[in-house]
Amino acid sequence: MRTLVWCEARKILHSRALYLMLVASVAFTALTALSPADTGGQMFMMAGDPFRIGGAIGFIGNVVDPERIGASAIRTSFLFTPFWLPVVIVFTVHMLSADFLSKSMAVSKAKGVGLGKTVFVKITMIFASVGLCYSASCAASFAIKANEYGAVLSPADFGLLFEALGTNVLLLCALSCQTALLFLLLRRQLPSVLGSLFYTAYVLVGYPASYGLSGEGVFGSLIFAASPAYHLINVSSLSFEAIPLLWGVAYGTAAIVIALGCAVAAANVREV
């Protein structure tokens with residue numbers, strides 16, 4: 001098992017896709033840092049009242065609540081989270097498909113290494129890569145914006161940052177795991193990427209558009225809530241009045257366990 005973990009780690013470390021994700025991480029941090037705080041704010045997929053922490057959903061930057069300046073910096077640090085979603089989707093499919101296209105999965109199977117075990121380790125390495133890159137970008141953005149806003153940070157602010165950032169990482173890993181499952185079922189790169197992107201985009205656009213309305217019904221609500229994007233919208237805006245943070249944690253954990261279990265089963269059942 002240790003050899004397998006080291007082998008998969010080396011593959012990711014030598015992958016150009018990882019370096020492209022690192023470039024994206026630096027770019028998102030730079031864009032956040034350079035975004036001016038005196039232009040009324042930058043917002044993506046926003047609905048509600050952004051001038052109060054917890055009053056709006058979406059990805060909201062540089063809108064400072066004077067009563068919660070530290071939380072405003074946290075919220076701004078998540079501004080470019082929606083652009084991380086396609087990065088995570090493409091990175092996941094690329095890393096999984098590379099082994100299938102090169103037939104290294106078949107070689108591993110011939111050596112007696114179960115495909116399910118290989119897929120489990122590979123997805124875990126993808127989790128680590130995504131989590132580290134996203135966390136570093138958001139943490140740097142928070143530090144820059146907290147300084148720009150002149151925030152006097154308290155332990156509560158750091159606790160909120162840790163909780164929200166950790167939950168977002170969990171949700172991005174859930175998205176990665178669901179995308180991996182889709183690829184293992186289809187074994188096709190383009191349909192897997194497009195399918196995951198389409199559903200994610202539908203939720204990113206549809207959920208804020210229907211926010212505060214009662215017309216979507218239970219079925220529509222379930223379609224939104226089944227996606228990590230739905231929970232990322234709530235967590236990134238620190239909007240916990242209607243939907244507590246614990247819901248995002250519970251969803252992310254359950255989604256990873258279910259999707260990862262199904263992905264391992266799909267790898268074991270279907271031949272390379």
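**Ala 128**

I began with Ala 128 and found its place in helix H6, which spans residues 115-149. This is a predicted model, so I am reading computed positions throughout. Is Ala 128 buried, partly exposed or exposed? Its relative accessibility comes to 34%, and because partly exposed covers the range between 20% and 50%, Ala 128 counts as partly exposed. I then looked up how Ala 128 sits relative to Ala 9: they are 119 residues apart in sequence, yet their C-alpha atoms are 9.6 Å apart in space.

**Lys 145**

I stayed in helix H6 for the next entry, since Lys 145 is found there too. How accessible is Lys 145? I noted 0% relative accessibility, so Lys 145 counts as buried. I wanted to know what its side chain meets. A polar atom of the Lys 145 side chain lies 3.3 Å from the backbone oxygen of Thr 32. Leaving out residues up to four places away in sequence, I listed the residues that Lys 145 touches: Thr 32, Ala 33, Ser 35, Asn 62, Ala 73 and Thr 76. Thr 32 thus turns up in my notes twice, once for its backbone oxygen and once in the list of touching residues.

**Aromatic rings**

Next I went through the rings. With centres within 6.5 Å as the rule for a pair, I get 12 aromatic pairs. One of them is Phe 28 with Phe 80, which is stacked, at 6.0 Å centre to centre and 10° between the planes. Why does this pair tie together separate parts of the chain? Phe 28 lies in helix H2 (residues 16-34) and Phe 80 in the loop between helix H3 (69-77) and helix H4 (81-102), so the two parts joined are 52 residues apart in sequence. I checked accessibility for both partners: Phe 28 is buried at 11%, and Phe 80 is buried at 13%.

My second pair was Phe 44 with Phe 83. Their ring centres are 5.1 Å apart and their planes stand at 85°, so I logged the pair as edge-to-face. This pair also links distant parts of the chain, with Phe 44 in strand E1 (residues 42-48) and Phe 83 in helix H4, 39 residues apart. Both partners came out as partly exposed: Phe 44 has a relative accessible area of 24%, and Phe 83 is at 37%.

Which residues make up the aromatic cluster that holds these rings? I wrote down Phe 28, Phe 44, Phe 80, Phe 83, Trp 84 and Tyr 134, which form one cluster.

Technical notes. Residues numbered from 1 in each chain as written. Predicted model: local features only at pLDDT ≥ 70, side-chain atom pairs only at ≥ 80, totals over all residues. Heavy atoms only, no water. Phe/Tyr/Trp six-rings, centres within 6.5 Å; stacked < 30°, edge-to-face > 60°. Helix = DSSP H or I, 4+ residues; strand = E, 2+ residues; numbered from the N terminus. Buried < 20%, exposed > 50% of the residue type's maximum accessible area, 1.4 Å probe, protein only. Polar contact = N/O pair within 3.5 Å; in protein donor to acceptor, adjacent residues only side chain to side chain. Contact = heavy atoms within 4.5 Å.
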